[in-house]
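Me: I am new to this protein. Could you show it to me and take some questions?

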Amino acid sequence: MKNLILLIVLLWFQIGYSQVCDNLTLYRTDFKNVSGNNTVSITSYEKNGKYYVYAGGEGDVDVFSLNAQGKLTHVEKQELYKKKGPARGMVADNIKGTDFLFLANKFGDAIEVFKILDDGALEQVFMIHDNEDIHIGIGITLQVIHMKNASYLFAGGLEETPGLSCFLIHEDGKLTHVQSMKDDDRIHTDGIIGMFVHKIDGKTFLYTGGFQDNGVSSFRVYDNGKFKNINNISDNTTDKYLTGTYPVNGAKIGSNYYVIVGHRHHKYYTRKGFIKKTDFVYHGDALSVFKVNKKGELVPHSVLKDDENTKLQGQTRIEMVSVNNNEAILAVGTRDDASIQLCKLNEQGILSPINYLQTGFPVYYGLRSLTIEDDNFLVAGSIQWGLRKIAAYKVGLKDLSASGKVLRHVVSFRFKKDANQEKVNEALAMFGNLKNEIPEISKLEWGLNNSTEGLSKGFDYCFTITFNDVHAREIYVFHKAHLAAGKKIMPLLDDVFVMDYWSDNE
């Protein structure tokens, strides 16, 4: 009888937890400017009880701290080698007691190694350049693998002679070449944009996606850093979705090991000559789940297809938000849908969509999940040239009380006493015209304060903007017309007040 009661309690807990997961969504907690023209790669690291975010783009890496409320604070800017970049494949890890950030400088054809200082700032300690024997030209992806007696850095890129390379990481951050495997018609290492590692029964396996050759490969990694290919799965035009294989991630759920693979289909690229194999067939967007067998090989398992209720077009990053023995919650960043899609992977290896948030900017590899105390956060960056923004989001329960309501966005301006009235009028007109520039605004009204109570504290003008949902607000916040209006009006202001609330649509 006791066993039956325990079983019922466990089943109730699992069902209850699963229902909670189904109501998860994203809430933006902060956004900040970055110095690079775009944000291509983001990683994070915990040091001395604090959490640091590294946002890499064209020419620079910006360092931020992230607190338990999801607020970002800028720490420093680190210039890349030759002011090149963009920074790709950033990964932070501890090597024999020292914290390092490893960075692939895409158009600098180099891997840069930085020591992470006590305040999260960076100090360059080593750099290795591409040559004929290694494959780090047009560097894209890095992966640290810890073995019994040493740690290794695996690297992949998009160069003309692509492949997979391994380097021994020394305790001072220096890298020594161990092995490189040149790409061929059998393995999928032409354009490694995603890598993931599983350790199964004392054995280490590395999984790579080939963006240009449309497939995934499995490798066995040995204690000395050497590796060998064990199986490969190629794209097709029916049930495989690997054209433009992009993000790769994985999870152990119960006793099962899974690898989840996304793709940014080649149809989304317009650059002539960039896609090597142009005879592709588009048959949709989807996430692919592979189960790992006892040999470490990938076996096709399930597929989550994109539809009118999901945002999976142009997947560029998959981040694990949380994993337990029953299921995993993952976030999928998309460039073409400009969204973050939350999904659930159950113990049987079946993916199901939860909720998504339209970010208002395209996500391109720059998405990072981290947990602070008991809360899960995501930090995303925009590939959009010149936007120069990153945003932090908290993963929380969806506000069901907002169902059927509209979102009011109230903005009040207090202008400087010496502000030029002609410039004020121009800025107000520009702000008022946002309704015509941003289709997601369902209603906009504004006017000059005429309160007689004397409590307006000098705020002169008030705008009330109505959105039909949170997606519309996100698109508005990062829309180029809104940012341009803000740039016009901010120098004229003494203060600004912003408040949002849900309201009945009347």
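The questions below go from the whole chain to two sheets and a helix pair.

Me: How many helices and strands does the protein have?
Reply: Keep in mind that this is a predicted model. Its strands number 32. The helices number five. The count is five helices and 32 strands.

Me: What radius of gyration does the protein have, and why does it agree with a compact globule?
Reply: The C-alpha trace spans about 80 × 70 × 50 Å along its principal axes. A compact globule with 506 residues would have a radius of gyration near 23 Å. The protein agrees with that, because its own value is 24 Å.

Me: Which strands stand at the edges of the open sheet β1-β28-β27-β26?
Reply: This sheet has four strands, paired antiparallel. Two of them have a single partner strand each, so one side of each is left without a neighbour in the sheet. From one strand to the next, the twist averages 25°. The edge strands are β1 (24-33) and β26 (363-372).

Me: Which residue of β28 stands opposite Ala380?
Reply: Strand β27 covers residues 375-382, and β28 covers residues 389-397. They run antiparallel and are joined by six bridges. Opposite Ala380 stands Ala391.

Me: Which strands are at the edges of the sheet β10-β11-β12-β13?
Reply: This is another open sheet of four strands, with antiparallel pairing. An edge strand here has a single partner, so one of its sides is left without a neighbour in the sheet. The twist averages 20° from one strand to the next. The edges are β10 (139-146) and β13 (175-182).

Me: What is the bridge partner of Ser165 in β13?
Reply: Strand β12 spans residues 163-169. Seven bridges join β12 to β13, and the two run antiparallel. The partner of Ser165 is Ser180.

Me: Are helices α2 and α5 roughly parallel or roughly antiparallel?
Reply: Helix α2 holds residues 421-432 and helix α5 holds residues 480-489. Their axes lie 9 Å apart, at an angle of about 160°. Angles over 145 degrees count as roughly antiparallel. Therefore α2 and α5 are roughly antiparallel.

Me: How do the residues of the contact of α2 with α5 divide into nonpolar, polar and charged?
Reply: The crossing of α2 past α5 is left-handed. From α2, the contact takes Glu426, Ala427, Met430 and Phe431. From α5 come His482, Ala484, Ala485, Lys488 and Ile489. The division is six nonpolar, one polar and two charged.

Note on methods. Residues numbered from 1 in each chain as written. Predicted model: local features only at pLDDT ≥ 70, side-chain atom pairs only at ≥ 80, totals over all residues. Heavy atoms only, no water. Pairing = 2+ DSSP bridges. Axes fitted to C-alpha atoms, helices over the stretch in contact; angles between N-to-C directions. Parallel < 35°, antiparallel > 145°, perpendicular 65-115°, else oblique. Left-handed = near helix turned anticlockwise from the far one by under 90°. Contact = heavy atoms within 4.5 Å. Nonpolar A, V, L, I, M, F, W, Y, C, P; charged D, E, K, R; others polar. Rg over C-alpha atoms; globule rule 2.2 N^0.38 Å.
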